[in-house]
Amino acid sequence: MAREDLESIVEEVMQELLHSNHTSSEVPIGVSARHCHLDKASLETLFGQGYELSEKAPLSQPGQFAANETVTIAGPKGSIAKVRILGPLRSSPQVEVSQTDAFKLGVKPPIRQSGQTKNSSPFTIIGPKGSLYLEEGLILAQAHIHMHPDDADRFQVRDGEVVEVAVNNQGRAVRFSKTVIRVSDKYQLEMHIDTDEANAGAIQTGQKGILTKGAPTYV
């Protein structure tokens, strides 16, 4: 066999292996705009006694939806209208914004996982029937990946593990080095980033990133 032919075969095999590795490591990305989660008591304060959310569209995660209802959120320096409520209702209210939104509101929310609102930023939610001032509950959502247990087995990761995800758009390559794995049999595979993070990497919903692991660390 000629040397040129052997080199060609080796190159072909290497490319196939590289493609196979990337395919098995790819994670679909969803860009998450600012949004609001409410509990029953806060929903009734904002929209009236006995009010129930109405579904506008389903979200990627099973059982979750974007509601038709929106609210205004306000801070010391400004407000943002038409913040979409996501359902179903939760055990406590929470709002997730981008850093750009935080500047407009005049607050300094911490980067947190969803649900971890202790000692986060205070803010006001305004609805058509009332308003609600909360001492905490406004956060910047940490980049994370929802995974079904089957996906976690395939990627060989555990709930709470921190990984890196690279997105190599031409001229805008970015790496999310502190991405948290979240595993549940209720989840479907998808990474979530906010609009500022998406803009930094020229990322759109539906694109894929490459997950890589280092020495295991957990949150």
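These legends describe close-up views of a predicted model.

**View 1. A closed barrel of 6 strands.** The strand order is E1-E13-E10-E12-E11-E14. Pairing in the barrel is mixed. On average, neighbouring strands are turned by 40° against each other, direction ignored.

**View 2. Strands E10 and E13 pair in the antiparallel sense.** E10 covers residues 144-147, and E13 covers residues 190-194. The two strands share 3 bridges. In one of the bridges, Ile145 has Met191 of E13 as its partner.

**View 3. The surroundings of His192 in strand E13.** His192 has 17% relative accessibility and therefore counts as buried, the cut-off being under 20%. Its side chain makes a polar contact of 2.8 Å with the side chain of Glu190. A polar contact of 3.4 Å links the side chains of His192 and His146. Leaving out residues up to four places away in sequence, His192 touches Gly30, Ser60, Gln61, Ala143, His144 and His146.

**View 4. The largest nonpolar core, with 24 residues.** Cys36, Val71, Ile73, Ile85, Val95 and Ile125 touch the most other members. Two helices and several strands each give two or more residues to this core: H2 (40-47) and H3 (99-105), together with E4 (65-74), E5 (79-87), E6 (94-97), E8 (121-126) and E9 (131-141). Another core, of 20 residues, lies apart from it. Among the residues of that other core are Ile29, Val165, Met191 and Ile193.

**View 5. The contacts of Ile85.** Neighbours within four places in sequence are set aside here. Ile85 is in contact with Cys36, Leu38, Phe47, Leu53, Phe65, Ala66, Ala67, Glu69, Thr70 and Val71. Of these, Cys36 and Val71 are listed with Ile85 among the core residues that touch the most other members.

Notes
Residues are numbered from 1 along each chain as its sequence is written. This is a predicted model: local features need pLDDT of at least 70, side-chain atom pairs count only at pLDDT 80 or more; totals for chains, interfaces and linings use all residues. Side-chain values use heavy atoms; hydrogens and water are left out. Two strands pair if DSSP finds at least two bridges between them. Helices (H or I, at least four residues) and strands (E, at least two) are DSSP runs, numbered from the N terminus. Axes are lines fitted to C-alpha atoms, for helices over the stretch in contact, and angles run from 0 to 180 degrees between N-to-C directions. Buried means under 20% relative accessible area, exposed over 50%, partly exposed in between (1.4 Å probe, protein chains only). A polar contact is a pair of N or O atoms within 3.5 Å; within protein, one must be able to donate a hydrogen and the other to accept it, and residues adjacent in sequence count only if both atoms are side-chain atoms. Contact means heavy atoms within 4.5 Å. A nonpolar core is a set of buried Ala, Val, Leu, Ile, Met, Phe, Trp, Tyr and Cys residues joined through side-chain atoms within 4.5 Å.
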